[in-house]
Amino acid sequence: FSSGNSGFSSQYTYANPNSTEGQYFVGPNPQAWNPSASACSDHTTGTGNMLLANGATTPGLKVWSTTIPVTPATNYQFSAWMQSISPGILSTTASVRIYINNKETLYGINPTIANCQWVQERINWNSGNSTSVEISLIDPNTSAAANDFALDDIFFGPVFLKRDSVKITVDTPLVRTINDSTVCEGIPVQLSATGGVTYSWSPATNLSNPNISNPVATPTATTQYIVSGINANGCIGKDTVIININPKPSIIKSNDVTICPGSSTQLSANGGITYSWTPASTLNNASIPNPVATPGATTTYYVIVTDANTCANTDSIKVTVRSAALFAINPPASVCKNNSVQLNASGGDLYAWQPAGSLNNPAISNPNATPLSTTTYTVQITDILCGNTGSLSTVITVLPLPLVHAGKSNDIDCSNSQSQLSASGAAQYSWSPGSSLINPNSANPVATPVITTLYTVNGTDLSGCVNNDTVTVKVLTTGNGSYLMASAFTPNNDGLNDCYGIKYWGTILKLDFSIYNRWGERVFHTTDPSGCWNGVYKGIPQNPAVFVYTIKATTSCQGAIFRKGTFALIR
């Protein structure tokens, strides 16, 4: 349509702008022709002309038609492009049918996709005896909704067949693996494959390496392995192998057994066709399923059972030879006084312990003993099966408890805010309650209770024995020290009077403590009752001088307290 409205005819009305159905126009801009249309572009360049149409409501009108001379007996092809220019919806009514010489063909164009999307249709036609042809695009629709469309790049011309050839060689790699085989459960199978450069086996489970030509397979059940081989041309060939698994024979055997010295017992196993027992020296026949065993000492007999598939399995039977030499008792042990220890004896059926008074049950093999002093326990062991009897002894040493003593330095009053606790007589200590103690796991923690408190200390000696003692720290409202402050201090790091702070004020519940120099600068401040000034301000030791302190405090013995005064720093 680059030449505009020429070279064709139409039963639509040529109009610009569009005002009603059944009108068309040749131009590049649908919105300039119909403001309600989408801003679609032409098919080839995006800026060229196209036939714009507002579909008629009368069916059968020729939207586009032309008559063209043709050469008889010639193949021709007709093609056209169509798009919907109705905005925002799928074009369900815009379509055209292709007619040749006023006869409808089987072809049409129906752009049932989003608007502004070009759709092509093409047909082939043979001219036969004709010397001309009329080609028409006819609108079959009657709806006025969503029927605006555009046509572009309409082509009609002869087509010719040209032939060429190409030879395609199909490279089928001949990948081969071993033949199917049958093995017993647990026996490895060496797989192998040829015909490729690289290989991949599946399933990869129970393969030593699924990416080599010859992995070792140890399947637990019958498995088909597929090998894929890739040759040098990148072509893939496959082969399969089935490894059939015969299960191991299921052995049913006699139970472990206990016999007397010099006695015999019959072993038994079944589940196969051949049997091999070891050790054979104490068996009457090591190749039968039920040999008689006469061991001189406790022996474990192993049997290899082989079935009709030559698959083998192994199991064992333990024959215990009971004798008095098998009687045993626990070695000597120690126990802290008032504690218990478990005794142990073995090798028999009946047990009688002495002395019985400190045992929970003297007639069992493993009673609990709670001796008050070091005691020798003797047990008589009886073997009912063989009639053996023996007597064994062991010593339980009773360790004394540590003599733990707890003490205190003082009670808490209006002058003393803490008490030094002390413990002795053990190696390790644990105090409770620990919430008002500094380091409750030391021998001498510091206690700062706010109410009278009973402290218990558990002491453990080097043998692990534990004893305890208690001490009560009273919290009193006596001993008011008038809440005085020192008049001087000497911060010379000699361990004496090196820090200026509050002492002997009892338990301080709330504190605001400040120190000022003679120019009114605050050189120290704390709310911690244990805090004190070391004579340093901004990292610089202060020269000897007189300083002012102010204290606002609340103690357990008195409400609000205010103190203000001076003190000297002496070096």
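**A short tour of the model**

Hi everyone, let's begin with a sheet: five strands form an open sheet with mixed pairing, in the order β42-β50-β49-β44-β45. At its edges sit β42, residues 488-489, and β45, residues 522-526, and each of these pairs on one side only. Before I go on, please keep in mind that this is a predicted model.

Now look inside that sheet. Strand β44, which covers residues 508-516, runs antiparallel to strand β49, residues 545-555, and 8 bridges hold the pairing. If you want one residue pair to look at, take Phe 513, whose bridge partner in β49 is Ile 551.

Next, let's talk about charges. As a general reminder, side chains of opposite charge can pair when their charged atoms come close. How many salt bridges does the structure hold? There are 5 salt bridges in the structure.

Let me show you one of them, between the side chains of Lys 62 and Glu 134, with an N to O distance of 2.7 Å. This pair links distant parts of the chain: Lys 62 belongs to strand β4, residues 61-69, while Glu 134 belongs to strand β9, residues 132-139, and the two are 72 residues apart. Are these two residues buried or exposed? Both Lys 62 and Glu 134 are buried.

Compare that with Arg 97 and Glu 104, another salt bridge, where the closest N and O atoms are 3.0 Å apart. Arg 97 has a relative accessible area of 25%, so it counts as partly exposed. Glu 104 is partly exposed too, because its relative accessible area is 45%.

Then there is the salt bridge of Asp 411 with Lys 408, whose closest N and O atoms lie 2.5 Å apart. Asp 411 is partly exposed because its relative accessibility is 21%, a value that sits just outside the buried class, which means under 20%. Lys 408, at 33% relative accessibility, is partly exposed as well. And which residues do shared salt-bridge partners join into one network? Those are Arg 322, Asp 349 and Asp 383.

Let's move to the early part of the chain and meet Gln 23, which you will find in strand β2, residues 23-27. Why does Gln 23 count as buried? It does so because its relative accessibility is 9%. Its side chain makes a polar contact of 2.8 Å with the side chain of Asn 18. The side chain of Gln 23 also reaches the backbone nitrogen of Ser 19, at 2.8 Å. Setting aside neighbours within four places in sequence, the contacts of Gln 23 include Tyr 12, Trp 33, Leu 52, Ala 53 and Asn 54.

Two of those names come up again at my last stop, Asp 148, in strand β10, residues 148-158. Not counting residues up to four places away in sequence, Asp 148 touches Ala 53 and Asn 54, and its contacts also include Asn 34, Gly 55, Ser 84 and Ala 94. With a relative accessible area of 11%, Asp 148 is buried.

One more distance to try on the model in front of you: how far apart are the C-alpha atoms of Asp 148 and Pro 219? They are separated by 70 Å, with the two residues 71 residues apart along the chain.

That's my tour, so thanks for listening!

How values were computed
Residues numbered from 1 in each chain as written. Predicted model: local features only at pLDDT ≥ 70, side-chain atom pairs only at ≥ 80, totals over all residues. Heavy atoms only, no water. Helix = DSSP H or I, 4+ residues; strand = E, 2+ residues; numbered from the N terminus. Buried < 20%, exposed > 50% of the residue type's maximum accessible area, 1.4 Å probe, protein only. Polar contact = N/O pair within 3.5 Å; in protein donor to acceptor, adjacent residues only side chain to side chain. Contact = heavy atoms within 4.5 Å. Pairing = 2+ DSSP bridges. Salt bridge = Lys/Arg side-chain N within 4 Å of Asp/Glu carboxyl O.
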